[in-house]
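This report is for a reader who is new to the structure shown below. It begins with the whole chain and then turns to one sheet and some of its strands.

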Amino acid sequence: MTYKETLDWMYVQLPMYQRQGDSAYKIDLTNTLQLASYLGNPQTKFKSIHVAGTNGKGSTSHMLASVLQEVGYKVGLYTSPHLKDFRERIRINGKKVSEQYVVDFIKKYRSYFEENHLSFFEMTVGMAFHYFAEVKVDIAVIEVGLGGRLDSTNIIMPEISVITNIGIDHTRFLGETISEIASEKAGIIKENTPVVIGRATSVTEKVFLEKANHCNADLFFADHYEGNLYPSDLKGNYQEENIRTALQTISILQGQGWEIDELSIQHGLAKVATNTGLLGRWQVIQKNPKVICDTAHNADGLKAVMKQLSEEMYDQLHIILGMVDDKDLDTILPFFPTHARYYFVKPNIARGLNENELRENALKFTLKGKCYTSVAEAYETALQQATNQDVIYIGGSTFVVAEII
């Protein structure tokens with residue numbers, strides 16, 4: 001099979017949460033553990049950092065990888081979802097896994113995947129771990145896909161576990177309350193393994209303390225970090241929290257004997273996008289008019305992004321907005337400004353929310369605008385209608401941003 005044919009098979013034959021929703025979410029790690037055993041348990045052959053959280057886990061993972069790269073380590077990075085190319089999920093020192101590796105891996109193990117009915121995510125995690133072990137990375141930064149306790153990545157024994165923050169998202173799978181969701185995320189905490197918490201509340205702190213005590217794991221809170229703070233090329237005021245989380249994690253690595261100098265920390269944070277290829281975090285894709293896109297897609301993330309958007313200067317604000325169908329719109333839409341001109345769209349995936357339904361719900365919160373048949377059409381229209389003094393914001397879903405970048 002060609003690379004395209006391989007991806008087509010992966011997407012069509014196997015359930016994938018990002019495209020299909022419920023059918024791709026597994027209730028235990030049995031398949032992943034069996035696959036790992038079949039592959040020779042590659043997850044035991046490299047050191048790792050495990051990163052979970054409702055928001056910020058992608059940015060934090062890329063920050064950590066960038067700093068470690070600057071030191072000179074061979075760094076694996078596993079993240080999800082991808083924006084443009086599947087291979088964005090699996091990188092070494094910022095370089096995506098080759099198309100040929102993806103083709104060869106699927107070809108070699110396809111019969112096993114089919115016989116055991118593996119999900120897209122289980123299969124992809126197996127590929128990443130196999131690749132990192134094969135090329136002998138010094139360390140891999142592994143981002144949780146969904147939740148923590150039952151996530152396919154949760155078979156590693158990391159140097160450090162990181163939980164960025166807890167917000168309401170994916171309630172169908174993780175629980176209806178902050179406490180329940182925190183318990184699922186806390187599932188990545190391992191015996192005698194230090195844990196970094198990016199942001200805690202009185203509710204989540206209790207959950208994390210209980211789990212950490214049970215596992216005899218030292219617990220560190222990033223908001224207590226007292227070292228030097230360095231700026232990052234990842235813009236967005238919300239990144240300060242992620243910077244603190246990354247720096248607290250690096251401090252613990254240093255204490256474990258990893259050689260990480262201050263200059264590498266400073267340079268690594270300043271070159272995250274360059275070193276790792278990260279896209280879609282408060283990314284300005286053009287000026288005059290200024291066009292900003294951001295992948296924030298839940299209440300906690302959108303609240304922070306909308307706060308920063310309110311600080312922009314413009315004559316008119318244009319918002320291209322699309323979402324998937326599992327979002328609680330009543331908790332998300334109130335964060336959006338009523339004075340903006342809206343362009344409602346449906347992201348081009350099976351579980352994208354119909355643009356007309358989104359518009360009807362938006363009207364309840366006095367968010368007014370028109371519907372468009374595609375993200376591309378909405379973007380082209382916004383560019384035509386905007387002046388150089390306007391701002392265009394694109395977001396609501398990772399998949400909306402992916403169609404623009």
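## Overall make-up

The protein chain holds 17 helices and 14 strands. Its radius of gyration is 21 Å, close to the 22 Å that the globule rule gives for 405 residues, so the chain is as compact as a globular protein of that length. The model is a predicted one.

Taken along the principal axes, the box filled by the C-alpha atoms of the protein chain is roughly 55 × 50 × 40 Å. Among contacts in the chain with a separation of 6 or more, 75% are between residues 24 or more positions apart.

## Burial, surface and charge

Buried residues make up 59% of the 405 in the protein chain. The area that the chain exposes is about 16700 Å², and 47% of this area is supplied by carbon and sulfur atoms.

The protein chain carries 40 positive and 49 negative charges. The mean position of the positive charges and that of the negative charges are 3 Å apart.

## The sheet of 8 strands

An open sheet is built from 8 strands in the order S4-S3-S2-S5-S1-S6-S7-S8, and its pairing is mixed. At the edges stand strand S4 (95-96) and strand S8 (219-221); each has a single partner strand, so one side of each is left without a neighbour in the sheet.

Strands of a sheet pair through backbone hydrogen bonds, and the pairing can be parallel or antiparallel. For edge strand S4, 2 bridges link it in the antiparallel sense to strand S3, residues 90-92. In this pair, Ile-92 stands opposite Lys-95 of S4.

## Strand S5 and its partners

Strand S5 covers residues 139-143, and 5 of its 5 residues are buried. In a regular strand the side chains alternate between the two faces of the sheet. From S5, Ile-139, Val-141 and Glu-143 point one way, while Ala-140 and Ile-142 point the other way. The residues on both sides are buried, and Glu-143 is one of them.

Strand S1, residues 47-52, runs parallel to S5 and is joined to it by 5 bridges. Within this pairing, Lys-47 has Ile-139 of S5 as its bridge partner. Strand S2, residues 75-78, also runs parallel to S5, with 4 bridges between the two. Here Tyr-78 stands opposite Ile-142 of S5. In the strand order of the sheet, S5 accordingly appears between S2 and S1.

Notes. Residues are numbered from 1 along each chain as its sequence is written. This is a predicted model: local features need pLDDT of at least 70, side-chain atom pairs count only at pLDDT 80 or more; totals for chains, interfaces and linings use all residues. Side-chain values use heavy atoms; hydrogens and water are left out. The radius of gyration is taken over C-alpha atoms; the globule rule is 2.2 Å times the number of residues to the power 0.38. Buried means under 20% relative accessible area, exposed over 50%, partly exposed in between (1.4 Å probe, protein chains only). Contact means heavy atoms within 4.5 Å. Accessible areas come from the Shrake-Rupley method with a 1.4 Å probe; for residues, only the protein chains shown count as cover. Lys and Arg count as positive and Asp and Glu as negative; His and the chain ends are not counted. The place of a charge is taken as NZ of Lys, CZ of Arg, CG of Asp or CD of Glu. Two strands pair if DSSP finds at least two bridges between them.
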